[in-house]
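Here are my notes on this one, in the order I'd go through them with the viewer open. They run from one strand out to the empty spaces, the cores and a few odd backbone spots.

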Amino acid sequence: MHKLHQHHSNISDDYSVSVSINSDSKYLKITYRVISPKFNTSNNFSATDLDNWGLWEFDVVEAFLQKGQDSGQYLEIQASPLSQRFALRVIKPREETIKVAELDFTVNVTESSEFIEITIAIALDDIPGKSDALMYGNIFACLGPKGNQHFFALKINSEIKPDFHRPDLFCNLLEELA
């Protein structure tokens, strides 16, 4: 597993996130191992619906994905420790998005006394882009109560406030997390 970097604005040793990724001919699987003193969740979201707007205000793991480099559009997917899901197709960050109603996207949560594991499986055919060989994106986690969230990323931005919608920071995930 590869440890995610904590964004510099909220430093805490109480939280830790590691991630691994693998792909077969049909699915991309991302597994997050999350250590948190207490999970900040809400039962006001659906575990079956993808339109859980605002889920990111609670504890989530996220992936921004596109097949190929600079393919323009990307898919934002989120999962909570309660198996709640969210998906959004981003055409232009913060300008144009499309809500995703159907997606071959599952979430599996396993708990232990030391951590939880959240595994996201997404069909490769549902990820925007043209390349079948390259998977670009970035991996994130948002943990802790609103106003005191801890942000983690595979590639962090240099600004004070975390900005996940930065395709310029996307990397080849299969290579980076190999």
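Which residue in β12 is the bridge partner of His5? It is Ala153. Bear in mind throughout that this is a predicted model.

1. **β12 and its neighbours.** The His5 pairing with Ala153 belongs to a short stretch of ladder: β2 (residues 5-6) and β12 are antiparallel and joined by two bridges. β12 also runs antiparallel to β11 (residues 135-143), this time with four bridges. In that second pairing, look for Ala141 across from its bridge partner Phe152 in β12.

2. **Which way the β12 side chains point.** In a regular strand, side chains alternate between the two faces of the sheet. Strand β12 (residues 150-153) shows this: His150 and Phe152 point one way, Phe151 and Ala153 the other. What I'd flag is that all four are buried, whichever way they point.

3. **The β11-β12 turn.** Six residues sit between the two strands of this hairpin. Gly144 is the one to click on, with a positive phi near 105°.

4. **The cavity.** Rolling a probe the size of a water molecule over the atoms shows where empty space is left. Here the count comes to one cavity of 30 Å³ or more, and the largest cavity holds about 50 Å³ of space. Its lining has 14 residues, and Phe140, Ala153, Lys155, Asn157 and Phe164 lie nearest the centre. Ala153 should be familiar as the partner of His5. Which strand gives the largest share of this lining? That's β12, with three residues; β11 and β12 each supply at least two. By class, the lining splits into eight nonpolar, three polar and three charged residues.

5. **The pocket.** The largest pocket has a volume of about 580 Å³. It is lined by 22 residues, and those closest to its centre are Trp56, Glu62, Pro162, Phe164 and His165. The elements that contribute two or more lining residues are β5 (60-67), β6 (74-79) and β7 (85-92), with β7 giving the most, at three. If you're thinking about the chemistry of the lining, it has eleven nonpolar, four polar and seven charged residues. Note that Phe164 is also among the residues nearest the centre of the largest cavity.

6. **The cores.** In soluble globular proteins, nonpolar side chains tend to be buried together. The largest nonpolar core in this model has 36 residues, and Tyr32, Leu65, Ile77 and Ile139 touch the most other members. Strands that each supply at least two residues of this core include β3 (16-23), β4 (27-35), β5 and β11. Leu65 is a good place to start: beyond its neighbours up to four places away in sequence, its contacts include Leu28, Ile30, Ile77, Ile122, Met135 and Leu173. There is also a second, separate core of 15 residues, with Phe45, Phe64, Tyr136 and Cys142 among them.

7. **The five-stranded sheet.** What is the strand order in the open sheet? It goes β1-β3-β4-β10-β9, with antiparallel pairing. The edges are β1 (2-3) and β9, each of which pairs on one side only. Inside the sheet, eight bridges join β4 and β10 in the antiparallel sense. Within that pairing, Arg33 stands opposite Glu117 in β10.

8. **Gln78.** Is Gln78 buried or exposed? It counts as buried because its relative accessibility is 0%. Gln78 lies in β6, and its contacts beyond four places in sequence include Trp56, Glu62, Arg85, Phe86 and Phe105. Two of those, Trp56 and Glu62, are among the residues closest to the centre of the largest pocket.

9. **Two positive phi values outside glycine.** Ser83 has phi near 70° and sits in the loop between β6 and β7; it counts as partly exposed because its relative accessibility is 22%. Arg94 has phi near 60° and is in the loop between β7 and β8 (96-99). Arg94 is exposed, with a relative accessible area of 57%.

Terms used. Residues numbered from 1 in each chain as written. Predicted model: local features only at pLDDT ≥ 70, side-chain atom pairs only at ≥ 80, totals over all residues. Heavy atoms only, no water. Buried < 20%, exposed > 50% of the residue type's maximum accessible area, 1.4 Å probe, protein only. Pairing = 2+ DSSP bridges. 1 Å grid on protein atoms, 1.4 Å probe; cavity = no way out; pocket = protein on both sides within 12 Å on 5 of 7 lines; lining within 4 Å. Points joined across faces, edges and corners; volume = space filled by probe spheres on them. Nonpolar A, V, L, I, M, F, W, Y, C, P; charged D, E, K, R; others polar. Core = buried A, V, L, I, M, F, W, Y, C linked by side-chain atoms within 4.5 Å. Contact = heavy atoms within 4.5 Å.
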